[in-house]
There are 2 protein chains.
Amino acid sequence: MKDQTPEPTATERYIGIGELARESGCKPETVRYYEQIGLLPSAPRNEGNQRRYTTAAIRRLTFIRHARDFGFSVEAVRELLQMADYPTMPCEEVDTLAKRHLAEVEARLARLTSVRDELKRMINQCAGGNVGQCHIIDVLSDHRLCHQTGPHGGADVIG
Amino acid sequence: MKDQTPEPTATERYIGIGELARESGCKPETVRYYEQIGLLPSAPRNEGNQRRYTTAAIRRLTFIRHARDFGFSVEAVRELLQMADYPTMPCEEVDTLAKRHLAEVEARLARLTSVRDELKRMINQCAGGNVGQCHIIDVLSDHRLCHQTGPHGGADVIG
DNA sequence: GTAATACCTGTAGTCACTAGAGGTTCAAGT
DNA sequence: ACTTGAACCTCTAGTGACTACAGGTATTAC
């Protein structure tokens, strides 16, 4: 990964898992989990068996959290990390991964948008009477009552 | 739930779990799962211990699948089913549930939209060189490089 | 009669964490 | 030096909504 900060010096301060987690916006449990599944390398331990980290770990974990926030799966993040570790490689694969992810996000957006529209229609048509006359229940009971502009009736529908 | 079809007669044909699943757009495993968690009542069995269903089950399961397709949680579906079972009750609660769900869907849409925009920006700015110069990696490494119109950097970010 | 298909139960796996039990270590204050 | 409380450790189990599999039984078609 590209260094934005100077290299850690020999006298660099080590931090514990709690501070690392705070700095990167996650919880200590999550850090241990990422170590367990190999997204983070096993951290060196102090005399009392507690993990000690440098700023390199903050950068790596921030990268991970940020990619996860973008909705990349853990496996995609693993690949992104591998690529980021070799700055001289062509970035074609990174681009491909990002584009594939964008396509998935857009598909989810489309489905979610059609769900939203249908929900709005359902709610607007509810006259406020009793359940027997309720349009919301009707639409849920019978797919044919849907306006169905988009593909919300598919298999893995909600993103 | 409001009947769209006439009441089942005494001579009605019973169907197996496979046909029920096909009719309602899910798998037999899912039907058994719904029975297990109490969304569907325990089906009567034939001599060989296999579940037999009537069209009532098709209607109920279709309702469930459809509500799930709209993104209602299983617990919300459970409540909707309870309400649908009492057609003379006021539909206020149904309305409330639907509106709450709409709000959640809109929140997810907002987050997802901001993620999509940022992904697009990342990809457009990738000059196609090597990983060391790759804007995608840069943005993932450093949240400050985000355009950040929306709240995609929050806690539970991706819907 | 036999072979293919559908069905049964029960358990474990998925994804990405999160929560808790039960214990150890560290840092600060007295 | 001692005590207290926070932070840390490992290991296991739970979340949601299914899905998959193993190992067996029933039904159906030929």
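## DNA contacts and buried residues in a predicted model

A phosphate oxygen of DNA strand C lies 3.5 Å from a polar backbone atom of B:Ile17. That is a polar contact, meaning a pair of N or O atoms within 3.5 Å; within protein, one atom must be able to donate a hydrogen and the other to accept it, and residues adjacent in sequence count only if both atoms are side-chain atoms.

This is a predicted model, in which local features need pLDDT of at least 70 and side-chain atom pairs count only at pLDDT 80 or more, while totals for chains, interfaces and linings use all residues. Residues are numbered from 1 along each chain as its sequence is written, chains are lettered from A and ligands numbered from 1 in the order in which they are written, and side-chain values use heavy atoms, with hydrogens and water left out.

**DNA strand C.** There are 19 residues around this strand. A residue is near a molecule or strand if one of its heavy atoms lies within 4 Å of it. A:Tyr34, A:Arg68, B:Gly18, B:Arg32 and B:Arg51 come nearest to DNA strand C. Sugar or phosphate holds 89% of the strand's atoms within 4 Å of the protein, and bases hold the rest. Both protein chains supply helices here: α2 (28-36) and α3 (55-69) of chain A, and α1 (17-24) of chain B, each give at least two residues. Helices are DSSP runs (H or I, at least four residues), as strands are (E, at least two), numbered from the N terminus. α2(A) gives the most, with three residues. By class, the surface has four nonpolar, nine polar and six charged residues. Here Ala, Val, Leu, Ile, Met, Phe, Trp, Tyr, Cys and Pro count as nonpolar, Asp, Glu, Lys and Arg as charged, and the others, Gly among them, as polar.

**DNA strand D.** This strand is surrounded by 19 residues, the closest being A:Gly18, A:Arg32, A:Arg51, B:Tyr34 and B:Arg68. Of the atoms of DNA strand D that come within 4 Å of the protein, 89% belong to sugar and phosphate. The table lists polar contacts to phosphate oxygens of both strands.

| Residue | Protein atom | DNA strand | Distance |
|---|---|---|---|
| A:Gly48 | backbone N or O | C | 3.2 Å |
| A:Val74 | polar backbone atom | C | 3.3 Å |
| A:Ile17 | backbone N or O | D | 3.5 Å |
| B:Lys27 | side-chain N or O | D | 3.3 Å |
| B:Gly48 | polar backbone atom | D | 3.4 Å |

Two or more residues near DNA strand D come from each of α1 (17-24) of chain A and α2 (28-36) and α3 (55-69) of chain B. α2(B) has the largest share, three residues. The classes near DNA strand D are four nonpolar, nine polar and six charged.

**Chain A.** This chain has six helices and zero strands. Of its 159 residues, 45% are buried; buried means under 20% relative accessible area, exposed over 50%, partly exposed in between (1.4 Å probe, protein chains only). Among contacts (heavy atoms within 4.5 Å) with a separation of 6 or more, 54% join residues 24 or more positions apart.

**Cysteines and B:His135.** The whole structure has zero disulfides, a disulfide being a pair of cysteine sulfur atoms within 2.5 Å. B:Cys126 is in none, and its nearest cysteine sulfur, that of A:Cys91, is 3.5 Å away. B:Cys126 counts as buried because its relative accessible area is 13%. B:His135, in helix α6 (residues 135-141) of chain B, is buried at 18%. Beyond its neighbours within four places in sequence, B:His135 is in contact with B:Met122, B:Gln125 and B:Cys126.
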